[in-house]
Amino acid sequence: MSTHPGVSDFMPGLVAPAAPLSRRKRVLRDESIRAAQRRHFVLFDIIPATAAVAALPLLWYLGVTGVGLGLFAAMWVLNLIGIEVGYHRLFSHAAFEARPSVRAALVILGSMGAQGPVVSWASNHRHHHQHSDTPEDSHSPHAHGGTGWRARLRAFAHAHLTWKWSYPYPSPSHYTPGLLRDPVVIRTSRRYTTWIALGLIVPALLGGVITASWRGALEGFLLGGLYRLVLGQHATWCINSLCHLFGTRPFRTGDRSTNNAWLALPTLGGSWHNNHHAFPSTASNQLAWWQIDPCYWVIAALARLGLVTDVNVPTADQVRAKRAVAARRSLSAKDLVP
Ligand SMILES: [Zn+2]
Ligand SMILES: [Zn+2]
């Protein structure tokens, strides 16, 4: 295997040999990349969702036990920590530093969500922050125009899911060169599909061992594996769609990002998305006492254990200054109304 990371390391299913990643091009539009995107979309978005719907009668027949719910909750929390603490705050925004063992664990846990290898995810996400809600943003619900409920529904579907079918691929050499130089991230990420499989097998094994039954293994697979994967994907995608459509905007961020309190628990704090766009490189989305952010609690606990360092959080003065800007702007906008 080549030691130089190529496109095929980040786009599983790519048949073409790994092309060197262009340093000059910000966005790659190669047909082989588009084919890999479509393959990933079908394999890891459409097939699991279809299987989850098809398995509903089986789940109804089996019934849901406390063990199944416990495995669902545990796998949900671990996977969402991998996505929000790892893929998002650490690898996309460098909001803190982490030891190699923590970086590897976060790549593994995040990969279990089948949302793409970490380098692709982080490159896409940095591209999103650079172009939020402009026509270049790959998953903005506002970039395609139109009015009326049909246009709004299409915009929601695009931001939530269908953009993943085919999109200009932000070059990792341009957007995430630091990740490409991190041997821990590259080595761990090369086993992307293994970690997805592990995310299905581990809860099945645990369910079987805890209940000493095949029935328990099947329930563990369905709840801790399949349904956790599919619903966890939709929870994350709600941040791309709903958190750029509905909710509150305490900060002026130059885009349409919003906060949604009702999504804070399932996304473990990711839905304070306007806060995040206001302070993108900070480890905490909690800018008021009531804005619960379990992912920051995890980062703070890891910092206490000495496993992560350089945790970046905004100071009270920085938050006050941005709030004041928002207040001044809305005041001057009101002043213009006759
Ligand atoms: Zn956003
Ligand atoms: Zn972000």
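# Helices, crossings and burial: a guided look

Guide: The secondary structure of the protein chain comes to 15 helices and 4 strands. The model is predicted. Of its 338 residues, 45% count as buried.

Visitor: What share of the contacts with a separation of 6 or more links residues 24 or more positions apart?

Guide: That share is 68% in the protein chain.

Visitor: Why are H2 and H12 called oblique to each other?

Guide: Start with the angle. The axes of H2 (residues 31-54) and H12 (residues 214-240) cross at roughly 125 degrees. Roughly perpendicular ends at 115, and roughly antiparallel needs over 145. The angle falls in neither class, and H2 and H12 are therefore oblique.

Visitor: Within what distance do the axes of H2 and H12 come, and what is the hand of the crossing?

Guide: The axes come within 9 Å. The crossing of H2 and H12 is left-handed.

Visitor: Which residues make the contact of H2 with H12?

Guide: From H2 come Asp45, Pro48, Ala49, Ala51 and Ala52. From H12 come Leu226, Tyr227, Leu229, Val230 and Gln233. By class, the contact has 8 nonpolar residues, 1 polar and 1 charged.

Visitor: What makes H4 and H6 oblique?

Guide: The axes of H4 (residues 66-92) and H6 cross at roughly 60 degrees and come within 10 Å. Roughly parallel means under 35, and roughly perpendicular starts at 65. An angle of roughly 60 degrees fits neither, so H4 and H6 are oblique to each other.

Visitor: Is the crossing of H4 and H6 left-handed or right-handed, and which residues meet there?

Guide: H4 passes H6 in a right-handed crossing. On the H4 side, the residues are Tyr87, His88, Phe91 and Ser92. On the H6 side, they are Val118, Trp121, Ala122, His125 and Arg126. Sorted by class, this contact has 5 nonpolar, 3 polar and 1 charged residues.

Visitor: How do you know that the span of H6 is close to the expected one?

Guide: H6 (residues 118-130) has 13 residues. At 1.5 Å a residue, 18 Å is expected. From first C-alpha to last, H6 reaches 18 Å.

Visitor: Why is H6 described as largely enclosed by the rest of the structure?

Guide: Count the buried residues. H6 has 10 of its 13 buried, so the description follows. Among them are Val118, Val119, Ser120, Trp121 and Ala122. His125, His127 and His128 are also buried.

Visitor: What makes histidine 127 count as buried?

Guide: Histidine 127 lies in H6. The cut-off for burial is 20 or more other C-beta atoms within 10 Å. Histidine 127 has 24, so the residue is buried.

Visitor: Which residues does histidine 127 contact, leaving aside neighbours within four places in sequence?

Guide: They are Ser138, Pro170 and Tyr175. Histidine 174 is 47 residues away from histidine 127 in sequence. C-alpha to C-alpha, the two are 10.0 Å apart.

Visitor: How do you know that H7 agrees with its expected span?

Guide: H7 (residues 148-160) has 13 residues, which should span 18 Å at 1.5 Å a residue. The end C-alpha atoms of H7 are 18 Å apart, so the two values agree. Ala155, His158, Ala159 and His160 in H7 are buried. H12 is among what covers the buried residues of H7.

Visitor: Why does leucine 62 count as partly exposed?

Guide: Leucine 62 is in H3 (residues 56-62). Buried needs 20 or more neighbours, and exposed needs 12 or fewer. Leucine 62 has 16 C-beta neighbours inside 10 Å, so the residue counts as partly exposed.

Visitor: What does leucine 62 touch, not counting residues up to four places away in sequence?

Guide: Leucine 62 touches Arg215, Leu218 and Glu219. The C-alpha atoms of leucine 62 and leucine 218 are separated by 8.8 Å. Along the chain, the two are 156 residues apart.

Visitor: What is the phi of alanine 94, and where is the residue?

Guide: Phi is positive, about 50 degrees, although alanine 94 is not a glycine. The residue sits in the loop between H4 and strand E2 (97-98). Alanine 94 has 16 other C-beta atoms within 10 Å, so it is partly exposed.

Visitor: Is alanine 114 buried or exposed?

Guide: Alanine 114 has 25 other C-beta atoms within 10 Å, and the cut-off is 20, so the residue is buried. Alanine 114 is found in the loop between H5 (100-111) and H6. Its phi is near 55 degrees, a positive value in a residue other than glycine.

Conventions
Residues numbered from 1 in each chain as written. Chains lettered and ligands numbered in written order. Predicted model: local features only at pLDDT ≥ 70, side-chain atom pairs only at ≥ 80, totals over all residues. Axes fitted to C-alpha atoms, helices over the stretch in contact; angles between N-to-C directions. Helix = DSSP H or I, 4+ residues; strand = E, 2+ residues; numbered from the N terminus. Left-handed = near helix turned anticlockwise from the far one by under 90°. Contact = placed C-beta atoms within 7 Å. Nonpolar A, V, L, I, M, F, W, Y, C, P; charged D, E, K, R; others polar. Expected span 1.5 Å × (residues − 1).
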